[in-house]
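These notebook entries record what I looked up in one structure, entry by entry. I began with the spaces inside the protein and then turned to charged pairs and single residues.

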Amino acid sequence: MSAHTGQRDGESRSLAIFDLDIAATRSGWLLTALCLAYALAALCLQPSRYLHLAQSYAQPFIFFLPTLLAAGLGLLALTFARHSPTRFMLDMLRQRWLGAAPVILLFFLGITAFTTFKIAIPEIVPFYADRMLAELDLGLHGADPWIWAHSVIPEPVSAVIFLGYGYGWHVQWFGTLLFVAFWNNPAGRLRYLWTLALTTILCGTVLAMALSSAGPIFHDQFYGGDRFAALQDALTRNDYAAPVHTYASYLLTAYASGRPELGGGISAMPSMHVAFATLNAFFLSGFGRRWAVAGWSFAALILFGSVYTGWHYAVDGYLSILVVSVLWYLTGRFVLPQASRDATVIGLPLPEPASQ
């Protein structure tokens with residue numbers, strides 16, 4: 001996977017490590033500054049909440065990320081180095097940990113800041129947009145989209161939706177981040193990380209605060225009435241929907257107590273599930289047609305699942321797709337040329353683009 005052929009082994013290995021460091025380019029420095037500013041803003045706004053969440057996130061990060069990394073490296077080793085998989089994995093870690101570590105650290109600080117802001121949203125801007133979003137959904141589709149979703153998917157098949165929306169989405173999100181952290185394509189790497197950071201800040205904080213909403217599953221609890229009572233009944237009758245009820249109760253309890261809990265915060269618009277799945281679909285499309293089909297199929301599943309499970313209005317996902325599409329285009333137009341110029345200056349040839 002090295003792009004530095006024709007150089008001495010020592011120099012090539014040194015450049016391969018330097019290649020992965022996001023601080024090696026001007027774009028990388030700006031990205032680092034943006035992420036640190038986002039984390040610092042959350043820390044200044046809610047210091048005790050941010051520090052508590054950082055401690056809460058540390059344990060799953062320490063356990064889950066190494067486990068996922070070992071699984072990913074193992075798969076790569078069995079694919080590309082069956083004769084010596086253990087050596088392949090150790091060499092990969094030794095050569096690329098220096099570039100991956102800052103990415104993972106910034107991600108940790110960023111997700112802590114994201115959750116801090118998410119919990120604070122109803123305190124700063126009380127929920128107000130749900131009735132408007134529900135009516136917009138109704139006007140665009142002629143009926144509440146969740147009704148159509150439940151009518152076309154039989155209950156046994158819904159197990160795939162609940163698993164994909166819950167566990168599958170987390171594996172893809174963290175797995176893609178780890179792949180990018182260890183990836184040796186500096187320009188493509190920066191483009192993904194810039195889009196990820198901007199998506200988190202703009203969709204997860206700015207727009208979420210401007211369009212403060214709780215989602216269909218919490219609509220009646222916060223606004224009264226029985227607008228989505230039928231949705232609650234449909235989920236109650238579904239034997240595979242237990243994780244939705246459990247997590248909804250967890251979020252409501254955390255909201256009522258005011259405690260900063262791991263994965264806490266209620267915010268529907270826009271959908272971060274759809275946003276990250278869309279970003280990963282764009283990213284995977286660069287590796288060829290099969291990866292593109294897989295990425296966009298999963299993004300479609302997440303969009304459908306966001307409505308089926310009751311967490312989101314359909315328009316939550318539509319806005320996420322629109323915003324991420326614009327960000328992906330802009331980062332390709334402005335981040336990639338800058339990264340390419342910087343890479344040329346420091347003598348780092350870029351890998352050939354993936355064939356479609």
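**Entry 1. Cavities**

I searched the whole structure, which is a predicted model, and the search returned four cavities of 30 Å³ or more. For the largest cavity I noted a volume of about 260 Å³. Its lining is made up of 18 residues, and those closest to the centre are Cys35, Leu106, Phe107, Leu196 and Ala197.

I then asked which helices each supply at least two residues of this lining. They are helix H2 (26-45), H4, H7 and H8. H4 gives the most, with six residues. By class, I recorded 16 nonpolar residues, two polar and no charged in the lining of the largest cavity.

**Entry 2. The second largest pocket**

I next looked up the second largest pocket, whose volume is about 1,300 Å³. It is lined by 44 residues, of which Trp169, His170, Tyr247, Gly263 and His273 are the closest to its centre. Two or more lining residues come from each of helix H3 (47-80), helix H4 (85-124), helix H7 (155-182), helix H8 (186-210), helix H11 (242-257) and helix H12 (272-285).

Which helix gives the most to this lining? I found that H7 does, with 10 residues. The lining of the second largest pocket divides into 31 nonpolar, 12 polar and one charged residues.

**Entry 3. Overall make-up**

I checked the secondary structure of the whole protein and counted 14 helices and zero strands. Of its 356 residues, 50% count as buried. I also looked at contacts between residues at least 6 apart in sequence, and 82% of these join residues at least 24 apart.

**Entry 4. Salt bridges**

The structure holds six salt bridges, and I examined some of them in turn.

In the pair Arg87 and Asp91, the closest N and O atoms of the salt bridge are 3.8 Å apart. The two residues are four residues apart in helix H4, so about one helical turn separates them. Arg87 is exposed, because its relative accessible area is 59% and the cut-off for exposed is over 50%. I noted further that Arg87, Asp91 and Arg94 are linked in a network of salt bridges.

In the pair Asp144 and Arg227, the closest N and O atoms are 2.6 Å apart. Asp144 lies in the loop between H5 and helix H6 (145-152), and Arg227 lies in the loop between helix H9 (216-223) and helix H10 (229-237); the pair therefore ties together parts that are 83 residues apart in sequence. Is each partner buried or exposed? Asp144 counts as buried, at 10% relative accessibility, whereas Arg227 is partly exposed, with a relative accessible area of 28%.

I also recorded the salt bridge of Arg259 with Glu261, where the closest N and O atoms are 2.8 Å apart. Arg259 counts as partly exposed, at 45% relative accessibility.

**Entry 5. Asp316**

I looked up Asp316, which is found in helix H14 (residues 314-345). Asp316 is buried yet has no salt bridge. How far away is the nearest side chain of opposite charge? That side chain belongs to Lys118 and is 11 Å away. A salt bridge requires the nitrogen and oxygen atoms to lie within 4 Å.

I listed the contacts of Asp316, leaving aside its neighbours within four places in sequence, and found Leu133, Ala268, Met269, Pro270 and Ser271. Two of these residues, Met269 and Pro270, are joined by a peptide bond that is cis, with omega near -5°. Pro270 has its place in the loop between H11 and H12.

**Entry 6. Phe127**

My last entry concerns Phe127, which lies in the loop between H4 and helix H5 (130-141). Phe127 counts as buried, because its relative accessibility is 13% and the cut-off for buried is under 20%.

What does Phe127 touch, its neighbours within four places in sequence left aside? I found contacts with Pro122, Ser212, Ser213, Ala214, Phe222, Tyr223, Tyr255 and Ile266. One of these, Ala214, stands 87 residues from Phe127 along the chain, and the C-alpha atoms of the two residues are separated by 6.5 Å.

Note on methods: Residues numbered from 1 in each chain as written. Predicted model: local features only at pLDDT ≥ 70, side-chain atom pairs only at ≥ 80, totals over all residues. Heavy atoms only, no water. Buried < 20%, exposed > 50% of the residue type's maximum accessible area, 1.4 Å probe, protein only. Lys, Arg positive; Asp, Glu negative; His and termini not counted. Contact = heavy atoms within 4.5 Å. 1 Å grid on protein atoms, 1.4 Å probe; cavity = no way out; pocket = protein on both sides within 12 Å on 5 of 7 lines; lining within 4 Å. Points joined across faces, edges and corners; volume = space filled by probe spheres on them. Nonpolar A, V, L, I, M, F, W, Y, C, P; charged D, E, K, R; others polar.
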